[in-house]
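The following report describes a structural model through its helices, its nonpolar cores, one of its pockets and a few individual positions. The sequence and coordinates come first.

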Amino acid sequence: MTEPPGELAARRRYVTVCALLWLPPGLSMATMVLLFTERGMSLAAVAGLFAAHSLTVAALELPTGGLSDVLGRRPVLAAAGGLGVVAFALIGLGTTAWLLTAGMVLMGVARALASGTAEAWYVDTVQACSGPDAELRTGLARGGSATSAALAAGILLGGALPWLLGLGPDLGARLSEATSGAVLPLSVPLLLAAALKTVFVAYVLAALREPPRPPTTLRSVLRGVPVTIADGLRLGGHDALVRRILLAAAAAGSALAAIELLIPGRTTALTGSNASGAMVYAALSCVGFVCSGLGSHLAPLTARIAGSGERAVLVSLAAGAGGLLLLGVTASSVHPAATALAAFGFGLVYLGLGAAAPNENDLLHRRVAGAGRATALSVQSLAQQLVGALTGLAVGVLWPGPLPWLLTGAVLLAGALLWLRRSDERAVQVTGV
């Protein structure tokens with residue numbers, strides 16, 4: 001079946017926005033912690049900086065989702081990009097704790113503003129073009145693949161830039177000397193990220209057109225946002241399918257938190273040093289993003305083979321739980337065969353989570369009205385972050401070894417088993433790719 005031109009154009013723009021949105025954070029991942037320590041921050045101070053970012057995102061997830069639903073997708077995305085420019089510039093150039101803290105807080109505000117907003121724009125646009133029964137899964141899958149590809153490319157480029165600047169005539173040292181230490185080689189990926197954020201803002205303003213909204217005033221926004229947030233929270237309580245989606249997101253957050261906390265220690269133990277362990281972890285992170293992107297790309301095929309989006313989520317989350325099980329049973333061994341199994345399990349977790357997300361969100365968008373779409377996505381993101389944070393605290397006090405992996409694997413498996421029971425309404429059948 002031929003897709004309407006408007007739907008194809010919306011999908012292309014959504015994929016481009018996803019790539020431009022996530023390439024800058026990918027650039028910063030490989031060097032941010034090293035830059036903070038180079039600026040003289042202790043490990044405790046670095047942890048505090050990241051906590052400031054995480055708490056800001058958690059506090060603003062719902063209000064910014066409501067703002068997107070009331071004010072519009074394009075202005076909120078443009079504001080997120082503008083704050084991202086300032087945040088990356090402050091972090092790249094800041095030499096004091098308060099400047100770096102301000103940068104991390106602004107990055108958190110930008111992340112909260114962007115959370116779910118581009119996806120909400122895509123679904124609004126496609127449904128305006130093709131009606132409420134428009135096929136969403138393929139576009140959501142392509143957006144997930146673009147996000148993962150941007151993160152993978154960003155982390156590789158961000159890690160390579162400081163090394164490349166140190167080759168030959170050592171441009172990095174010259175740059176640092178010329179700027180009196182304000183710009184270090186480790187700063188360059190973040191400054192490039194700030195430049196790319198300006199491109200993001202320009203693209204959003206030029207390409208993401210949306211239907212006219214009723215004129216808004218400050219009073220109407222302040223009145224409308226709390227109402228939208230309350231409606232989003234009530235939806236999770238009243239709709240069994242939406243509640244299942246939120247619980248599955250929480251289980252995925254638990255799995256990701258375990259990987260982020262436990263894998264760096266395993267790579268260090270495997271290689272014998274922090275430096276080489278960090279390099280291996282960066283390479284593994286890139287592989288994880290690639291597997292997540294592949295899973296997103298395969299999400300429509302998974303739904304077709306499984307017979308419905310609900311069964312596709314079940315299969316995908318169960319595969320991710322199997323990956324965590326492999327990581328658990330190999331946790332106490334450094335034998336090459338065990339290492340290979342662990343690497344396979346690591347990729348399987350990301351592949352499964354990547355395949356589950358587009359199918360979950362396709363189901364979510366069919367249950368949520370456009371007026372509360374961004375808020376519902378923010379509730380989903382908040383559930384993932386809060387359970388991830390709690391898992392991090394729990395994993396931190398457990399004895400290293402198989403137990404943390406097996407427990408988080410059990411949590412993800414429980415999230416998969418929620419989908420054994422069909423929803424009250426007929427499952428949406430898969431039509432097309």
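## Pocket, cores and buried positions

Helix 11 contributes the most to the lining of the second largest pocket, with seven residues. A pocket here is, on a 1 Å grid over the protein atoms alone, an open set of points where a 1.4 Å probe fits, with protein on both sides within 12 Å along at least five of seven lines, and its lining residues have an atom within 4 Å of a point. This is a predicted model, in which local features need pLDDT of at least 70 and side-chain atom pairs count only at pLDDT 80 or more, whereas totals for chains, interfaces and linings use all residues. Residues are numbered from 1 along each chain as its sequence is written, and side-chain values use heavy atoms, with hydrogens and water left out.

The volume of the second largest pocket is about 450 Å³ (the space filled by probe spheres set on the grid points, which are joined across faces, edges and corners). Its lining comprises 23 residues, of which I263, G265, R266, T267 and A331 are the closest to the pocket centre. Helix 11, helix 12 (274-306) and helix 14 are the elements that give two or more residues to this lining. Sorted by class, the lining holds 15 nonpolar, seven polar and one charged residues, where Ala, Val, Leu, Ile, Met, Phe, Trp, Tyr, Cys and Pro count as nonpolar, Asp, Glu, Lys and Arg as charged, and the others, Gly among them, as polar.

For the chain as a whole, there are 16 helices and zero strands, both taken as DSSP runs numbered from the N terminus (helices H or I, at least four residues; strands E, at least two). Of its 433 residues, 51% count as buried, meaning under 20% relative accessible area with a 1.4 Å probe and protein chains only. Among contacts (heavy atoms within 4.5 Å) with a separation of 6 or more, 83% join residues 24 or more positions apart.

The largest nonpolar core, a set of buried Ala, Val, Leu, Ile, Met, Phe, Trp, Tyr and Cys residues joined through side-chain atoms within 4.5 Å, has 41 residues, and I259, L317, L324, L327, W405, L412 and W419 touch the most other members. At least two residues of this core come from each of helix 11 (240-271), helix 13 (309-329), helix 14 (336-365), helix 15 (373-397) and helix 16 (402-417), and helix 11 gives the most, with 13 residues. Leaving out residues up to four places away in sequence, W405 touches A258, I259, L262, I263, R266, L324, L327, G328 and A331. A second, separate core of 26 residues includes A118, W121, F200 and L208.

Three buried positions are set side by side below, with contacts that leave out neighbours up to four places away in sequence.

| Residue | Helix | Relative accessible area | Contacts |
|---|---|---|---|
| T408 | helix 16 | 4% | S254, A258, L324, T391, V395 |
| G253 | helix 11 | 3% | Q384, G388 |
| G415 | helix 16 | 4% | A251, L317 |

Two C-alpha to C-alpha separations add to this picture: G253 and A389 lie 8.3 Å apart in space although they are 136 residues apart in sequence, while G415 and L314, 101 residues apart in sequence, are 8.2 Å apart in space.

Methods: Buried < 20%, exposed > 50% of the residue type's maximum accessible area, 1.4 Å probe, protein only.
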